Structures are given as structure tokens and as C-alpha cells.
Amino acid sequence: MGASVPHGSQPRHFLKDSDISTAEQAEILALAAQMKAHRHEFQTLKDKSVALVFAKASTRTRVSFQVGVTELGGNPLVIDTANTHHVRGETLADTGAVLSRYVDAIVLRTGADSDIEELASVSSAPVINALTDNWHPCQLLADLQTMIENGHNPAQSSIAFLGDTSHNMGRSYVAIAAMTGCELRLASPKAYQPDANLISSARAAGAKILLTEDPVEAVTGADVVTTDTWTSMTQSDGSQRRADLGRYQLNTELLHNADNEAIVLHCLPAHRGEEITSAVLDGPASRVLDQAENRLHAQKALLTWLIGDRP
């Protein structure tokens, strides 16, 4: 299949956090707040269809996108690649090129970034990254919305991220630091830090990033403390990772070093007793349920901004 966008102008994709400007991000977050306050008052995707393609398992992403498109009056089409020709060798790009002739946007959750980049290169409809190995931009929109509604202006906040900071969540936080100017503190063993080129590029763009192996240094005085699971579904070296990352567990003792008004975030699913304790996950500083809910509102705003009738 040829690699070309067949009709219309080049669509706007959202493959990584920096695919929108800081001003556009603020516009989307303001719309998300509006949609949360007036949840059932918007029909911005009326008569539009959105393909939700899942090459990796998902709970929150699948449900939040499906409910979100429905609430906006659109038609969500959930496609599990295990039940498509993908399992018989058809590439995601080939599948996506055809889908983009049918639908108004494609949401893809997959592994390799090359998959979504190839799909976007041939899609005539906007493509949204619902998670890849290197980026999780929809989750970061929800995180930012949660910070804002708790009184934390991201541009003026100090954010501590603990554990494996080299993967998609850590990398997306680095991108956000470059976009917002927040103070980002990444605490992890050296082998679990983001690659040096990414850090250098972000710092060149104005990001204030502290790389440290000391979790106390990262958390001290922080406004936001967040972490992610140590072992994803594609990683088989769980025992070694748990041994390497054990001292970065977000627990009550460590959290005491943060600002008194600090909030705790976790993109979920959480492995209780590993990267975070139940006392913190369920504690008074936790905003993880609000954060999870905000996936719905942030994604509704993003879809509206990309393909809908903006209010």
C-alpha cells in the first residue's frame, strides 16, 4: 500500500506532547474544564466516527475514549487488533490508511512509536497517541488538568517523578517541563533515567530538570509527587526491576518531605506495595481518581479541538 495522505489537507496529529504548542495545550485544558463542569451539554462530535484501535490491553483508555466519543454525540468504533487482519500480518499503517477513509480520527494504543508514526504518515484523518513505548500525551493532559484544578499552576510547580523515569510517562513529563517551564525532578537509578539527548533537548528549550538518585532530594518541597508501575506488561525482568527500584517507593515516610499541600498522582494501574503504598494511594493527598476521571474530559476536549465543532 502506498504511503500517502490521499485527500484533503494534511491532518493534525497528536503523537507526542510537543505536537501542540503551549498555548494550544492551555486551550485544550480550558475546554476540558468546561466539559467537566457541564459534562452532558456538548455534542461536538455529532455525526463523526472515531476508530479506537488497541494493539495493547487497556482499561481506562478504552473506556474513557469510548464513553467520551459517545457523550459528545459521536460514534466510537473499538477495534482490537487481535481480531483484525493485523494478526495475519497486515501492518497497523495499512490498516490505518484504510480506516482513515471511513472515520474522522484514529486513536491508537500500541508499543513501538514507529507503528503510530507510520500510521500517521498515511492517514488522512488525525491520529491520537493513546500510549506508545515512548509517549503518553493523553495521560499528561489529564495530569495537568488535575494539577490545575487543585490550584497548582504547572508553570510554577515543582513535580517529583519517582522510579523508572525512562519510559513513556517519564519522557512525557520531560516534554511537559520543556513546554510549561515547571521544575521537574526525576528520581531513579542512572540506568532508569531518560536518555541524555532527550534531557539535553528539553533543557535547551528551557526545561528545569533535576536528575537525582536520591528520592528524598526529589520530593523535598515538591507540589506534585507522582510515580508509575515499575514493571509494564511487556517487561519480563520484574524481580530485578523491583530490586533496583525498591528505594523509590512512594510511601508515607517519603511523602512527608513534600510540600504540605502536595498532591499525589499515579496514572494507574498501580501495583500496591511496590511503587506506591496503599496508605498513599488511598490517602488524603491522593488525586488518582480525579486524575483517572480527567482522562475522559481531557480526551473529549482534545477530540473536539482536533475534529469537532468547537464551542
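This is a walk through a predicted model, one selection at a time.

**The sheet**

Begin by selecting strands E5 to E9. They make up an open sheet of five strands, with parallel pairing, in the order E7-E6-E5-E8-E9. Colour strand E7 (208-212) and strand E9 (263-266) separately: these are the edge strands, and each pairs on one side only. Looking across the sheet, neighbouring strands are turned by 20° against each other on average, direction ignored.

Now keep only strand E8 (residues 224-227) and E9 on screen. The two run parallel and are joined by four bridges. To line them up, show Thr-227 and look across to E9, where His-266 stands opposite.

**Past the end of E9**

From E9, follow the chain into the loop that leads to helix H11 (278-281); Pro-269 is in this loop. Select Leu-268 together with Pro-269 and display the backbone. The peptide bond between Leu-268 and Pro-269 is cis, with omega about 5°. Most peptide bonds are trans, and most residues other than glycine have a negative phi. Two residues to visit later depart from the second of these habits, Leu-131 and Asp-47.

**Helices H3 and H4**

Select helix H3 (residues 92-102) and helix H4 (residues 113-122). Two packed helices are described by the angle between their axes and the distance between the axes. Here the axes come within 8 Å and cross at roughly 35°. The crossing of H3 and H4 is right-handed.

Which residues make the contact? On H3, show Leu-92, Ala-93, Gly-96, Ala-97 and Ser-100; on H4, show Asp-115, Glu-118, Leu-119 and Val-122. By type, the residues of this contact divide into five nonpolar, two polar and two charged.

Stay on H4 and switch the selection to its buried residues, which are Asp-113, Ile-116, Leu-119, Ala-120 and Val-122. To see what covers them, bring back the surroundings: the cover includes H3, strand E3 (105-109) and strand E4 (127-129).

**The loops on either side of E4**

Move along from H4 towards E4 and stop at Ser-124, in the loop between the two. Ser-124 is buried, with a relative accessible area of 13%. For a sense of scale, draw a C-alpha to C-alpha distance from Ser-124 to Leu-31: the two are 25 Å apart in space and 93 residues apart in sequence.

Continue through E4 into the loop that runs on to helix H5 (137-149), and select Leu-131 there. Phi of Leu-131 is near 130°, a positive value in a residue other than glycine. Is Leu-131 buried or exposed? Its relative accessibility is 10%, so Leu-131 counts as buried.

For the other case, go to the loop between H1 and strand E1 (49-54) and select Asp-47. Asp-47 also has a positive phi, near 70°. With 70% relative accessibility, Asp-47 counts as exposed.

**Salt bridges**

The whole structure holds 14 salt bridges. Three of them are worth a stop.

Select Arg-12 and Glu-24. They form a salt bridge in which the closest N and O atoms are 2.7 Å apart. Arg-12 is in the segment before helix H1 (22-37) and Glu-24 in helix H1, twelve residues apart. Arg-12 counts as partly exposed because its relative accessibility is 36%, while Glu-24, at 18%, counts as buried.

Next, select Lys-16 and Asp-19. Their closest N and O atoms are 3.2 Å apart, and the pair forms a salt bridge. Lys-16 is partly exposed, with a relative accessible area of 30%. Asp-19 counts as partly exposed at 21% relative accessibility.

Finish with Glu-71 and Lys-300, a salt bridge with its closest N and O atoms 2.7 Å apart. Glu-71 lies in helix H2 (residues 60-71) and Lys-300 in helix H12 (residues 288-307), so this pair ties together parts that are 229 residues apart in sequence. Both Glu-71 and Lys-300 are buried. Add Arg-39 to the selection as the last step: Arg-39, Glu-71 and Lys-300 are linked in a network of salt bridges.

Terms used
Residues numbered from 1 in each chain as written. Predicted model: local features only at pLDDT ≥ 70, side-chain atom pairs only at ≥ 80, totals over all residues. Heavy atoms only, no water. Pairing = 2+ DSSP bridges. Axes fitted to C-alpha atoms, helices over the stretch in contact; angles between N-to-C directions. Left-handed = near helix turned anticlockwise from the far one by under 90°. Contact = heavy atoms within 4.5 Å. Nonpolar A, V, L, I, M, F, W, Y, C, P; charged D, E, K, R; others polar. Salt bridge = Lys/Arg side-chain N within 4 Å of Asp/Glu carboxyl O. Buried < 20%, exposed > 50% of the residue type's maximum accessible area, 1.4 Å probe, protein only.
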